[in-house]
Every structure is written in structure tokens, then in C-alpha cells.
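The following paragraphs walk through one structure, beginning with its strands and moving on to a helix and to charged pairs. Keep the sequence and the model side by side while reading.

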Amino acid sequence: MPHVVSDGIDIRYVEEGAGDPVLLIHGFASNLEVNWVGTGWVSLLTGHGRRVVAFDHRGHGESTKLYDPDDYRVELLVEDAVRVLDAAGVERADVIGYSMGSRVASYLVDRHPERVGSLVLGGMGATLLRGGRGGEKIAQALEAPSREVVTDPYTRMFRVFAENTRSDLRALAACMRGLRAVITPEMLGRIAVPVLVAVGTEDDVAGSPYDLAAYIPDAEVLAIAGRDHNRAVGSRPFKDGVLEFWTRHSGEDRP
């Protein structure tokens, strides 16, 4: 798999297909294989004539593992994404983020608006405006000697998922402590590309998609019926909703 060096950090990425580019940004404790390949997103998009670029965040998947929270500041994760686009020769892409990936995508469109053609914020609602819930407790759950000693259902969910994805738990704890940036209403109000906010109706992590969309000019909401945070990402209604969203906005003049 190709890699790019971003400020001395090795970032693994993949490219597949041909056509208009799509950048996929995965969530916390996941990786490009779990979030996008295993869920069928890559095969779906390439089958619809799109060129897919996806990468593993630092601390995740096959990218470099780091153990200092300062190495996970959101601006650094954004620059990783930009360097992946540069390495792939992509000037501008439609962007799909999921969960933490949506937080990174939101900063990407604010700092580098010329690189984003449209934006899908998956698995992220009003939590984007107030930061994650229980970040230090999640970090402590990741550092616990075993999942059995983690009794809180919410933090245990993160521990179990991280183990299931065979993640480096210590690196993830550092990431959870370092990625504390909150996007502001002013930043959301500056977004000048089409935006779809897609959240499962049973998602108790993301927060209200409607409350988030209210701050973004002309944003659309996709409520993914009957899906929680983990099960929404690979669902057919999410995929169909993104394809329909792109169809509605195809051919529009973009800033």
C-alpha cells in the first residue's frame, strides 16, 4: 500500500477507481479497511465511476503510532489529509467523514476550502459543536488492564471496538486526549459547499444532526432509520443518501 510522509509521520493510504475523486476519512479506533473497505463503500463508489482515496489516521491502522497527545492536534490530522491528497495528485475532492473523521473533515473545509467540493458529515451531529463526551474516561478505559474492568457501558463500547479493530490502545488513548478541538458556529457558517449531515436515529454518540445542520448554510440532513453509531456507517440507506445527495448537486457552480 502507498504511504506518504507527513511531518515525519508515515501515513498509509489507498487509491482505487477512476473518475471524480472522493476522500474518505475514517472514525476513531477504526481504519480505512474497517470503515470503508469492509463496509462496501470503496466497491460501491468505484462501481459508480468514482476515484476513491482513503487513509489511516496517525495512530490508527498501518500509519505511525504516536503516544504524545500533542501529536494528535486536529490541525495535524488535517495536514495529513492534505498531504494524502497531494500524494494522490488530487486538487479537489468530495469528502466523506465518519465520526472523528467528520471532525477532521470540518476543519479541512475551513482551513483548505479549495480542496473540498462537497462534504458529508457522517456519524456526527451537535457533538461537533461541543466536543466528545467523556474523553478522559474513554482514554482511561483504553488504558485499563482488560475490558472486563471497564464497567461503564459507554466507555466499554470504545474499548471493545478498539480491541475488535486490533488497534494500539495506548496510541488511541493519546489521540483521545489530544483531539479536543471544537468547531465553532462561525466556522460552520463559512462553509460554502454542499453539506449532508447523516446520523443514525439510534445514535447516542453523534448528537442531533438537525442542531448541527442549523449552523451550516443550506445543509441537508439524512436520518438513518434504526441505526446506531456503529451500524449506520455501512448501511444501505446511508450509501443511497450520499449518492442521491451528489446527484442533486452535480453540475453546480462551486466557490
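Strand β3 (residues 20–25) runs parallel to β5, and the two are paired over four bridges. One of the contacts in this pairing can be located by residue: Val-22 has Asp-94 of β5 as its bridge partner. The model is a predicted one, and everything described here should be read as such.

Strand β5 also pairs with strand β6 (residues 116–122), again in the parallel sense, over six bridges. Here Tyr-98 is matched with Gly-122 in β6. β5 covers residues 93–98, and six of its six residues are buried, so the strand is largely enclosed by the rest of the structure. Buried in this text means a relative accessible area under 20%.

The chain gets from β5 to β6 by way of a helix. β5, helix α4 (residues 100–111) and β6 together form a β-α-β unit, and the unit is right-handed. The length of α4 can be checked against its residue count. At 1.5 Å a residue, its 12 residues should span 16 Å, and the C-alpha atoms at its ends lie 17 Å apart, which agrees. The helix is mostly covered, with 10 of its 12 residues buried. Among them are Met-100, Gly-101, Ser-102 and Arg-103, and further along the helix Tyr-107, Leu-108 and Val-109 are buried as well.

Further along the chain is helix α7 (residues 153–164), which contains Thr-155. Is Thr-155 buried or exposed? With a relative accessible area of 6%, Thr-155 is buried, because the cut-off for that class is 20%. Apart from neighbours within four places in sequence, Thr-155 is in contact with Lys-137, Ile-138, Ala-141 and Val-150.

The charged side chains come next. Side chains of opposite charge can pair when their charged atoms come close. The structure holds 17 salt bridges. One of them joins Arg-51 to Glu-15, with 2.4 Å between the closest N and O atoms. Arg-51 belongs to strand β4 (residues 50–55) and Glu-15 to strand β2 (residues 9–16), so this pair ties together parts that are 36 residues apart in sequence. Glu-15 is partly exposed, at 35% relative accessibility.

Another salt bridge is formed by the side chains of Asp-80 and Arg-58, at 2.7 Å from N to O. This pair also links distant parts of the chain: Asp-80 is in helix α3 (residues 74–88), Arg-58 is in the loop between β4 and α3, and 22 residues separate them. How accessible are the partners, Asp-80 and Arg-58? Asp-80 has a relative accessible area of 2% and is buried. Arg-58, at 3% relative accessibility, counts as buried too.

Arg-231 and Asp-228 form a salt bridge in which the closest N and O atoms are 3.6 Å apart. Arg-231 is partly exposed, with a relative accessible area of 43%. Asp-228 is likewise partly exposed, at 27% relative accessibility. Elsewhere, salt bridges that share partners connect Arg-12, Glu-33, Asp-56 and Glu-62 in one network.

Note on methods
Residues numbered from 1 in each chain as written. Predicted model: local features only at pLDDT ≥ 70, side-chain atom pairs only at ≥ 80, totals over all residues. Heavy atoms only, no water. Buried < 20%, exposed > 50% of the residue type's maximum accessible area, 1.4 Å probe, protein only. Contact = heavy atoms within 4.5 Å. Salt bridge = Lys/Arg side-chain N within 4 Å of Asp/Glu carboxyl O. Pairing = 2+ DSSP bridges. Right-handed = clockwise from strand over helix to strand, strands pointing away. Expected span 1.5 Å × (residues − 1).
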